[in-house]
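Open the model in your viewer and keep the sequence panel visible. The stops below go residue by residue before moving out to the whole chain.

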Amino acid sequence: LLEFKNEDEQVEHDAFMIMAGFLSEIERVQKQKNVNRKKLAELIKTSGSYLTQVFRGDKPLNFITIAKIQKVLDIKFDISAQYNS
């Protein structure tokens with residue numbers, strides 16, 4: 001199991017894992033629809049550089065970008081919550 005130095009480190013890790021989940025699904029749909037990162041950037045009217053930074057984990061993925069991606073890829077993220085066991 002992972003051990004964190006403090007609560008902030010754990011929260012940052014959790015945020016990264018949530019973002020990774022969204023990005024993984026986005027990449028899966030991109031492959032299915034044959035939309036490369038450059039084309040996706042054009043479709044959501046942002047720079048390819050920004051998207052590259054997001055996919056590398058250098059910049060956070062925000063909800064506005066997620067909403068734009070949903071629209072251009074014609075997808076909808078299914079969100080649910082579960083209690084920790």
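Select Q30 first. Q30 has a relative accessibility of 7%, so it counts as buried, the cut-off being under 20%. This is a predicted model, and the values quoted on this tour are computed from it. Q30 belongs to helix α1. Now show what surrounds Q30, ignoring neighbours within four places in sequence: the contacts are V35, N36, R37, L40, F55 and L73.

**Helix α4**

L73, one of the contacts of Q30, leads to the next selection. Select residues 63-73, which form helix α4. Which residues of α4 are buried? They are T65, I66, I69, Q70 and L73. Why do these residues lie on the same side of α4? Their directions around the axis cover an arc of only 140 degrees, and this puts them on the same side of the helix.

Turn the view to the face directed away from that buried side. Exposed residues sit there: F63, I64 and K71.

Next, show the other helices together with the buried residues of α4. What do these buried residues pack against? Their partners are α1 (7-33), α2 (37-43) and α3 (48-56).

**The two ends of α4**

Go to the start of α4 and display the side chain of N62. One of its side-chain oxygens comes to within 3.0 Å of the backbone nitrogen of I64. At the other end, select D74, which follows α4. The phi angle of D74 is positive, near 55 degrees.

**T65**

Return to α4 and select T65, which is part of this helix. Is T65 buried or exposed? Its relative accessibility is 8%, so T65 counts as buried. Display the side chain of Y50 as well: a polar contact of 3.5 Å links the side chains of T65 and Y50. With neighbours within four places in sequence left aside, T65 has contacts with I44 and Y50.

**I75**

Move on to I75, in the segment after α4. With a relative accessibility of 21%, I75 counts as partly exposed, because buried requires a value under 20%. Leaving out neighbours within four places in sequence, I75 is in contact with V29, I69 and Q70. Of these, I69 and Q70 are among the buried residues of α4. Then add I26 to the selection and take the distance between C-alpha atoms: I75 and I26 are 49 residues apart along the chain, and their C-alpha atoms are separated by 9.2 Å.

**The whole chain**

Clear the selection and colour by secondary structure. How many helices and strands are there? The chain has four helices and zero strands, and from the N terminus its elements run α-α-α-α. Along the principal axes, the C-alpha atoms fill a box of roughly 40 × 25 × 20 Å.

Colour by accessibility next. Of the 85 residues in the chain, 25% are buried. The accessible surface is about 7,000 Å², and 51% of this surface belongs to carbon and sulfur atoms.

For a contact map, consider the contacts with a separation of 6 or more: residues 24 or more positions apart account for 52% of them.

End with the charges. The chain has 13 positive and 12 negative charges, and the mean positions of the two sets are 14 Å apart.

Technical notes
Residues are numbered from 1 along each chain as its sequence is written. This is a predicted model: local features need pLDDT of at least 70, side-chain atom pairs count only at pLDDT 80 or more; totals for chains, interfaces and linings use all residues. Side-chain values use heavy atoms; hydrogens and water are left out. Buried means under 20% relative accessible area, exposed over 50%, partly exposed in between (1.4 Å probe, protein chains only). The arc is that of the directions from the helix axis to the C-beta atoms. Contact means heavy atoms within 4.5 Å. A polar contact is a pair of N or O atoms within 3.5 Å; within protein, one must be able to donate a hydrogen and the other to accept it, and residues adjacent in sequence count only if both atoms are side-chain atoms. Accessible areas come from the Shrake-Rupley method with a 1.4 Å probe; for residues, only the protein chains shown count as cover. Lys and Arg count as positive and Asp and Glu as negative; His and the chain ends are not counted. The place of a charge is taken as NZ of Lys, CZ of Arg, CG of Asp or CD of Glu.
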